[in-house]
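Please open the model in your viewer and keep the selection tool at hand. The tour below proceeds by selections, saying at each stop what to pick and what is found there.

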Amino acid sequence: MVDKRFLPCKRPVIITGGELNMEMLDLKYNEVSKYYEAPLHIKALNGTFIIDDFGRQQVSPEQLLNRWIVPLQSRIDFLKLHSGKSFELPFDELVIFSTNLAPDDLMDPAFLRRIPYKLETKDPSVEAFKAIYSAVAKKEGLELTEDIFDFTVKQITEVSGKSLAAYQPKFIIDQVKAACKYQGVELNFNKEFVAEGLDNLYVQNSSFKGQVGMSPSS
């Protein structure tokens, strides 16, 4: 017999990026409705709070890190009501800082100690890149053939002179979808669309110097 009082649920996952500011980490009081909206990290309690593109927010990394230094160490956070009264509550969640900047440029050793695990995401192997590429294509209803895969790898590594990266497959697939929609054709994979997508990702053979909207000086 199933007890219908209990329902399955998923742990919350909150993701924020460059739009994050200090006000979003405090209680927000609505004067009209007379209620508080919880800050982002409280909405992620018992789940995961991801700060994407860390270091590119509207506030400095130092300000954000100082805001987190106590909760990360003590697992307790303090919030303030509009009346000025403060209260504490548990800080039980997984906080992930994601960045493509060097950690040493973002935080000092004191804060690095409070982040117990650091994972470096390196360039994928050809096999891993193929798995990502195939999964993204399949999700959009496309089949990644060996011919298209080999062409893509050659365009990236030999023509563009870049390394394989995990973000490239989604960018390529999005470009293929956009090209098909623009031309009014059925969604399909072909080398022309892939090449155009990579041209939009990596600007090639541009000799222009100067201000946009002005002809280059001779």
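Begin by selecting Gln155, which, when residues up to four places away in sequence are not counted, touches Ser160, Ala195 and Leu198, a contact being taken as heavy atoms within 4.5 Å. Gln155 is found in helix H6, where helices (H or I, at least four residues) and strands (E, at least two) are DSSP runs numbered from the N terminus. With a relative accessible area of 17%, Gln155 is buried; here buried means under 20% relative accessible area, exposed over 50%, and partly exposed in between, with a 1.4 Å probe and protein chains only. If you then add Asp199 to the selection, you have a residue 44 positions from Gln155 in sequence, with the two C-alpha atoms 9.6 Å apart in space.

Before going further, note that this is a predicted model, in which local features need pLDDT of at least 70 and side-chain atom pairs count only at pLDDT 80 or more, while totals for chains, interfaces and linings use all residues. Residues are numbered from 1 along each chain as its sequence is written, and side-chain values use heavy atoms, with hydrogens and water left out.

**The whole chain**

Now select the whole chain and display it as a cartoon, in which eight helices and seven strands are to be found. The C-alpha atoms fill a box of roughly 65 × 65 × 40 Å along the principal axes. The radius of gyration of the chain is 24 Å, whereas a compact globule of 218 residues would have a value near 17 Å; the radius is taken over C-alpha atoms, and the globule rule is 2.2 Å times the number of residues to the power 0.38. Of the 218 residues, 31% are buried, and among contacts with a separation of 6 or more, 62% join residues 24 or more positions apart.

Switching to a surface view, you see a chain that exposes about 15200 Å², with carbon and sulfur atoms supplying 53% of that area; accessible areas come from the Shrake-Rupley method with a 1.4 Å probe, and for residues only the protein chains shown count as cover.

**His41 and Asp77**

Which helix should you go to for His41? Select helix H1, which is the place of His41, and notice that this residue is buried, with a relative accessible area of 0%. Leaving aside neighbours within four places in sequence, His41 is in contact with Leu25, Phe49, Arg67, Trp68, Asp77, Leu79, Phe91 and Glu93. The C-alpha atoms of His41 and Ile15, which are 26 residues apart in sequence, lie 9.5 Å apart.

From that list of partners, move to Asp77, which sits in strand S5 (residues 76-80) and counts as buried at 3% relative accessibility. Beyond its neighbours within four places in sequence, Asp77 is in contact with His41, Arg67, Pro71, Phe87, Glu88, Leu89 and Phe91. For Phe91, 14 residues from Asp77 in sequence, the C-alpha to C-alpha distance is 5.8 Å.

**Thr16 and Thr145**

Next select Thr16 in strand S1 (residues 13-16), a buried residue with a relative accessible area of 2%. Residues up to four places away not being counted, Thr16 touches Met24, Leu40, Phe49, Ile50, Ile51 and Asp52.

Thr145 is instead placed in the loop between helix H5 (126-139) and helix H6 (146-159), and at 34% relative accessibility it counts as partly exposed. Selecting Ser83 together with Thr145 gives a pair 62 residues apart along the chain, with C-alpha atoms separated by 63 Å.

**Two backbone angles**

Most residues other than glycine have a negative phi. Select Asn46, which is not a glycine and yet has a positive phi of about 65 degrees; Asn46 lies in the loop between helix H1 (40-43) and strand S4 (48-51) and is partly exposed at 44% relative accessibility. Continue to Asp53, in the loop between S4 and helix H2 (61-74), where phi is near 50 degrees, again a positive value in a residue other than glycine, and where the relative accessibility of 35% counts as partly exposed.

**Two cysteines**

Is Cys9 buried or exposed? Select Cys9 and you will find an exposed residue, with a relative accessible area of 71%, whereas Cys180 is buried, at 3%. A search of the whole structure finds zero disulfides, a disulfide being a pair of cysteine sulfur atoms within 2.5 Å.
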